Structures are given as C-alpha cells and as structure tokens.
Amino acid sequence: MTRVKRGYIARKRRTKIRLFASSFRGSHSRLTRTITQQKIRALVSAHRDRDKQKRNFRRLWITRINAVIREKGVSYSYSKLIHDLYKRQLLLNRKILAQIAISNRNCLYMISNEIREKVDWKEYTEKN
C-alpha cells in the first residue's frame, strides 16, 4: 500500500489549535498532543467559571445591598427588603439595587422607606 500524504489539511488543523494555545507556557504551546489536552481543559474551565462568576457577582450585590440597608435601620435587612419588593411587585433586580446603593444611598433609603410604609399599612388593614 502506498503512503498517503495528508498535506495541508492536517497542518491547517494543527496550526488552528496552536493559535489557541500560543499564550500557554512550555510544551503546552509546542506539542500537538498536549496542546489538544490543554485546549479541552481550558474550555472546560471557562465553561465552569462562567457560572461561578454569575454566582460571585450575585453574592457581591447582595452583600452591598445588605450593608447599605443595615446602616440605616437596625431591624431592617436585605431579606426583608427583597420580600417587600416582591410584595409590591417592583421589578428591581439585585444588580440595579447594588448600583443604587453605591452611587446614591439616599435613593435606596427612600425606596426602602416607601416600600415599608405601604406594605406595613396594607398588612395592618388586611388583619383588621
């Protein structure tokens, strides 16, 4: 049987993989087999860490909102604020609330006071 020369197709495939791994150190950017292994590993890590990043940002926003809310009222907390927001059916997500908390604390205090007053008044009238 005669030898089959793969030609430029295999080289094209390898150079495409090499471009992906060009910033890796040592044999991870030079040897084709380790390049493919590291590419798989890098893509798996990227996929996993996208979800982790979303979790971390959500935790950061919750911490910021809670810190600002607890400054003003001792008995009022993040969980009560979110509960009251849902009761009033206000569509403010945690990212927006955290931005408001950092840039304009008085605005967040006004929002929380308005929500508390109306929710407390509503609960009081429903009980009697």
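Select Trp-61 to begin the tour of this predicted model, and notice that Trp-61 is partly exposed, with a relative accessible area of 21%. That value puts Trp-61 in the partly exposed class because a residue counts as buried when its relative accessible area is under 20%.

Keep Trp-61 on display and add Phe-57, which is also a residue of helix 2 (residues 32-72). Because the two residues are 4 apart in this helix, about one helical turn separates Phe-57 from Trp-61. In general, an α-helix has 3.6 residues a turn, so residues three or four places apart point the same way. Phe-57 is partly exposed, with a relative accessible area of 38%.

How do the two rings lie towards each other? A pair of aromatic rings is described by the distance of the centres and the angle of the planes. By the rule applied here, the count comes to 2 aromatic pairs. In one of them, the rings of Phe-20 and Phe-24 have centres 6.2 Å apart and planes at 85 degrees, so this pair is edge-to-face. The rings of Phe-57 and Trp-61 have their centres 6.0 Å apart and their planes at 35 degrees, so theirs is a tilted pair.

Now select Phe-20 and Phe-24 to look at the edge-to-face pair in the viewer. Phe-20 counts as partly exposed, at 34% relative accessibility, and Phe-24 is partly exposed as well, with a relative accessible area of 25%. With Phe-20 still selected, add Lys-39, whose charged end sits over the ring of Phe-20, 5.5 Å from the centre of that ring.

For another charge over a ring, go to Tyr-76 and Arg-116, where Arg-116 lies over the face of Tyr-76, at 4.2 Å from the ring centre.

The next stop is helix 3 (78-88). Which residues of helix 3 are buried? Select Tyr-78, Leu-81, Ile-82, Asp-84 and Leu-85, which are the buried ones. These residues cover an arc of only 160 degrees around the axis, which means that they are on the same side of helix 3.

Finally, move along the chain to Gln-89, which follows helix 3 and lies in the loop between helix 3 (78-88) and helix 4 (94-103). Is Gln-89 buried or exposed? At 68% relative accessibility, Gln-89 counts as exposed, because the class of exposed residues begins over 50%. Before leaving Gln-89, look at its backbone, since Gln-89 has a positive phi of about 60 degrees although it is not a glycine.

Technical notes:
Residues numbered from 1 in each chain as written. Predicted model: local features only at pLDDT ≥ 70, side-chain atom pairs only at ≥ 80, totals over all residues. Heavy atoms only, no water. Buried < 20%, exposed > 50% of the residue type's maximum accessible area, 1.4 Å probe, protein only. Arc of directions from axis to C-beta. Phe/Tyr/Trp six-rings, centres within 6.5 Å; stacked < 30°, edge-to-face > 60°. Lys NZ or Arg CZ within 6 Å of the ring centre and 35° of its normal.
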